[in-house]
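Dear colleague,

I am passing on the model that we spoke about, together with some notes on what was found in it. Please read them with the structure open beside you.

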Amino acid sequence: MKILVSSCLLGENVRYDGENSSIALGSSFTFKQKELFMDILCSNEIYSFCPEVFSGLETPREAAEIVNSNKPFIVQTKEKVNLTINFLIGAKGALDLCKEEGIKVALLKSKSPSCGNEKIYDGTFSKNLIDGQGLTAKLLSENEIKIFNEEQLKELFIHIN
Ligand code: SF4
């Protein structure tokens with residue numbers, strides 16, 4: 001099966017801080033999670049994608065949060081630099097790739113203002129999480145692409161098998 005995967009989960013240094021969120025090498029994941037992740041990688045067609053890099057943002061870059069998650073969306077940095085257009089370009093890029101390739105499933109990094117599928121930071125830059133989706137996750141799910149995050153590998157495995 002074709003699966004869109006957040007590039008940072010695959011170990012690519014595309015995060016805002018220049019680091020990655022590698023599942024395979026990260027110390028916060030158990031051996032079982034890593035084993036399951038590698039099984040998923042080896043048994044499926046993986047499409048690595050980072051919406052923020054795709055949108056033209058540099059790495060490293062200032063962290064951004066969604067301050068208005070309803071239309072009109074507003075995504076900005078702590079210094080109030082408005083990056084909404086970049087985040088929308090990234091979301092559209094992900095959707096275009098999914099449509100072109102017939103991708104119906106995505107494994108996206110949790111809590112990100114682009115990729116988060118259940119929780120996002122509340123826009124105050126104080127590490128408070130609220131229910132909500134990043135702009136890429138939101139657009140993909142509105143287009144019937146099923147999204148899982150890195151804590152939902154078992155659910156992803158069941159879904160694709
Ligand atoms: S935009 Fe998504 S893929 Fe890119 S660094 Fe953030 S969480 Fe990872």
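In which helix is Leu88 found? Leu88 belongs to helix H3, residues 84-101, where helices (H or I, at least four residues) and strands (E, at least two) are DSSP runs numbered from the N terminus. Before going further, please note that this is a predicted model, in which local features need pLDDT of at least 70 and side-chain atom pairs count only at pLDDT 80 or more, while totals for chains, interfaces and linings use all residues. Residues are numbered from 1 along each chain as its sequence is written, and side-chain values use heavy atoms, with hydrogens and water left out.

To stay with Leu88, this residue has a relative accessible area of 34% and is therefore partly exposed, on a scale where buried means under 20% relative accessible area, exposed over 50% and partly exposed in between (1.4 Å probe, protein chains only). Leaving aside neighbours within four places in sequence, Leu88 is in contact with Phe73 and Leu135, contact meaning heavy atoms within 4.5 Å. Leu135 is itself one of the buried residues of helix H4 (residues 135-142), alongside Thr136, Ala137 and Leu140, and just after H4 the chain reaches Glu144, which takes a positive phi of about 60 degrees.

Helix H5 (residues 153-160) has Leu153, Leu156 and Ile160 as buried residues. These three lie on the same side of H5, because they cover an arc of only 60 degrees around the axis, the arc being that of the directions from the helix axis to the C-beta atoms. The face of H5 turned away from its buried side carries Lys154 and Ile158, which are exposed, whereas the cover over the buried residues includes strand E1 (2-6), helix H1 (31-43), strand E5 (105-107) and strand E8 (146-148).

Ser7 is placed in the loop between E1 and H1 and is buried, with a relative accessible area of 4%. Not counting residues up to four places away in sequence, Ser7 touches Glu12, Val14, Ser48, Phe49 and Cys50. The last of these, Cys50, is also among the closest of the 14 residues that surround the ligand, together with Cys8, Glu52, Lys109 and Cys115; a residue is counted here if one of its heavy atoms lies within 4 Å of the ligand. This shell divides into 6 nonpolar, 4 polar and 4 charged residues, with Ala, Val, Leu, Ile, Met, Phe, Trp, Tyr, Cys and Pro taken as nonpolar, Asp, Glu, Lys and Arg as charged, and the others, Gly among them, as polar.

Some backbone details in the loops also deserve a look. Thr59 and Pro60 are joined by a cis peptide bond with omega about -5 degrees, and Pro60 lies in the loop between helix H2 (51-54) and strand E3 (64-68). A cis peptide bond with omega about 0 degrees joins Lys71 and Pro72, the latter being found in the loop between E3 and strand E4 (74-77). Lys80, in the loop between E4 and H3, has a positive phi near 70 degrees although it is a residue other than glycine, and at 63% relative accessible area Lys80 is exposed. Phe125, which is not a glycine either, has a positive phi of about 55 degrees; this residue is placed in the loop between strand E6 (119-121) and strand E7 (129-131), and counts as partly exposed at 22% relative accessibility.

With best regards
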